[in-house]
Amino acid sequence: MLSNKTTSSAVRSAINALQHYKVLNTLTNDCFDKALETEQQISIEKKNNSPLYGRPILIKDNFCLRDTLTTCASKMLANFRAPYTSTIVQRLIDHGCIIVGKTNMDEFAMGVASWGAFGPVANPWSLTKTTMTNVENNKTVLHVAGGSSGGSAAAVAANFVSIALGSDTGGSIRNPAARCGCYGFKPSYGLLSRLGMVALVNSFDSPGFFARNIDDLIFATNAVAGPDDEDATLLSKPFENFKTSNELSKEKKKIIIGLPDDYDVNTLSSEYRLCWQDLVHRLTETGEYTFKRVQLPYTPYSNAAYTILSSCEIASNMARYDGIKYGYHTKNIDKNKDTYEDILKKTRDESLGERVRGRILAGNYYLLEENYDKYFVQSQRVRRGVMNDYKKVFEEDKIDCLLAPVVSNDPITLAEYEQADDIFSEDDIFTVGANLAGLPALSFPVRLSSKGFPIGLQLIGPFLKDQELLSTAYRICSTYQFPFLDLTKQI
Ligand code: GLN
């Protein structure tokens, strides 16, 4: 599976592409020099036979890499160098991956546009629709890449690197994967260590990968999954490697797929609904799949529950950013007058964006004694309802997985996005359910829309049936050819 790029300098090619397409703003910071050095070194040592050996990869800028900036695309952490390396990143390095840079994202991974303190990531497909050569900062020509892991998704979709790391708390891997046209896999909660991944919502956060084929998703996941003494929320059972396509292609079991009526929402565009239906028709014709309509009645409340529960955890997690121990510290201090609270307030006002401050405020509001039952406890009930909905369809309706949309329409331009009032996203309704229930979910590109943007769909599987989900995705995606983008050809 090694790309032949590894025989020359794969790292050099990735760097060239990233530099050439700065307009996409995929990186918050790079480690180009270190990456070239490492490539030299490891080509001499050749320590293992991992299919990841020598491959350049990118990691979302909410994963710690020792002595390297870890900004979460926030002014708050703009100068923060991580004192240690996250488990996942360390395991990638141990497999011979070469980290080329940290990818741009929504501030602290909140959002769906990958537009943090360092500007927006642009959707790579925008560049196929313009003849303008200088599109830099042209927000009317560039489109939203999805989020919050948009930098990782855009870089893989454009073929700057073949694998990138992201995180999915409410859809942040699947959403940009669908918007940019690549695969995005969020494994079951508890399979991948969260140590050294900056916490957004501890009980939903899941690291995961972007790739241009399912084998690469599997290689990367196999390299990092499994117990970690430093993360008590992980399953303690040793991880058994997922099978890759060689072994998968022999499996021919008939698959029963559920189509959740409750995901067929009003906001879903007719074109995206048609793509969903067409895939169902095509797969039915093969005779290898049976489709069943299923009900997930808690779906309409899932986004509200996600919003409340996530804001509560965010309010608690963000308390650590006081500007005293690390991170941004206000210079605007009146030494005779300002209290600790004043300094904290100024520090946060100056360094955190509106969305982040809004969620901290909302979370603290929901957690007030008089609101606690009304919001937090009620949302936990909805979360339980969502989990039971899935359990019922998997166990009683006996379906293997669900097939559903990821986003409802083509991406808007960055200029349109700037005008829109988007604190919370309607499209999250498609993705948050898997996080509320900790289920594995995989977004895959299906075809291009009439305007030439990728349309993705997702599979959601039962807890810990990640292998089955990957196998089904592999089988489905082998029935057609998606026209993957490769911007490196034009360099
Ligand atoms: N859009 C969701 C949010 O803003 C998803 C975030 C995520 O998965 N990191 O909370």
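1. Glycine 170 offers a polar backbone atom to the ligand, 2.6 Å from one of the ligand's oxygen atoms. Threonine 169 also makes a backbone contact: a polar main-chain atom there lies 2.8 Å from a ligand oxygen. Please read these distances with the origin of the coordinates in mind, since this is a predicted model.

2. On the nitrogen side, the partner is a side chain. A nitrogen atom of the ligand is 3.0 Å from an N or O atom in the side chain of aspartate 428. The ligand on its own has 290 Å² of accessible area, and the protein covers 99% of that.

3. Where does the ligand sit? Its place is in the largest cavity. The surrounding shell has 14 residues, and the closest are Gly111, Thr169, Gly170, Ser172 and Tyr306. By class, the shell is made up of 5 nonpolar, 6 polar and 3 charged residues. Thr169 and Gly170 thus appear among the closest residues, and their backbone contacts are those given in point 1.

4. The structure contains 17 salt bridges. One of them pairs glutamate 418 with lysine 139, with 3.2 Å between the closest N and O atoms. This pair links distant parts of the chain, the two residues being 279 residues apart. Glutamate 418 belongs to helix H13 (residues 414-419), while lysine 139 is in the loop between strand E5 (119-120) and helix H4 (150-157).

5. The loop between E5 and H4 also holds serine 148. The peptide bond joining glycine 147 to serine 148 is cis, with omega at about 15 degrees. Most peptide bonds are trans, so a check of this one by eye is reasonable.

6. Which sign does phi of cysteine 72 have, positive or negative? The value is positive, near 55 degrees, in a residue other than glycine. Most residues other than glycine have a negative phi. Cysteine 72 is located in the loop between strand E2 (56-60) and helix H3 (87-94).

Conventions:
Residues are numbered from 1 along each chain as its sequence is written. This is a predicted model: local features need pLDDT of at least 70, side-chain atom pairs count only at pLDDT 80 or more; totals for chains, interfaces and linings use all residues. Side-chain values use heavy atoms; hydrogens and water are left out. A residue is near a molecule or strand if one of its heavy atoms lies within 4 Å of it. A polar contact is a pair of N or O atoms within 3.5 Å; within protein, one must be able to donate a hydrogen and the other to accept it, and residues adjacent in sequence count only if both atoms are side-chain atoms. Accessible areas come from the Shrake-Rupley method with a 1.4 Å probe; for residues, only the protein chains shown count as cover. On a 1 Å grid over the protein atoms alone, a cavity is a set of points where a 1.4 Å probe fits but cannot get out, and a pocket is an open set with protein on both sides within 12 Å along at least five of seven lines; lining residues have an atom within 4 Å of a point. A molecule sits in a cavity or pocket if more than half of its atoms lie within 2 Å of its grid points. Ala, Val, Leu, Ile, Met, Phe, Trp, Tyr, Cys and Pro count as nonpolar, Asp, Glu, Lys and Arg as charged, and the others, Gly among them, as polar. A salt bridge is a side-chain nitrogen of Lys or Arg within 4 Å of a carboxyl oxygen of Asp or Glu. Helices (H or I, at least four residues) and strands (E, at least two) are DSSP runs, numbered from the N terminus.
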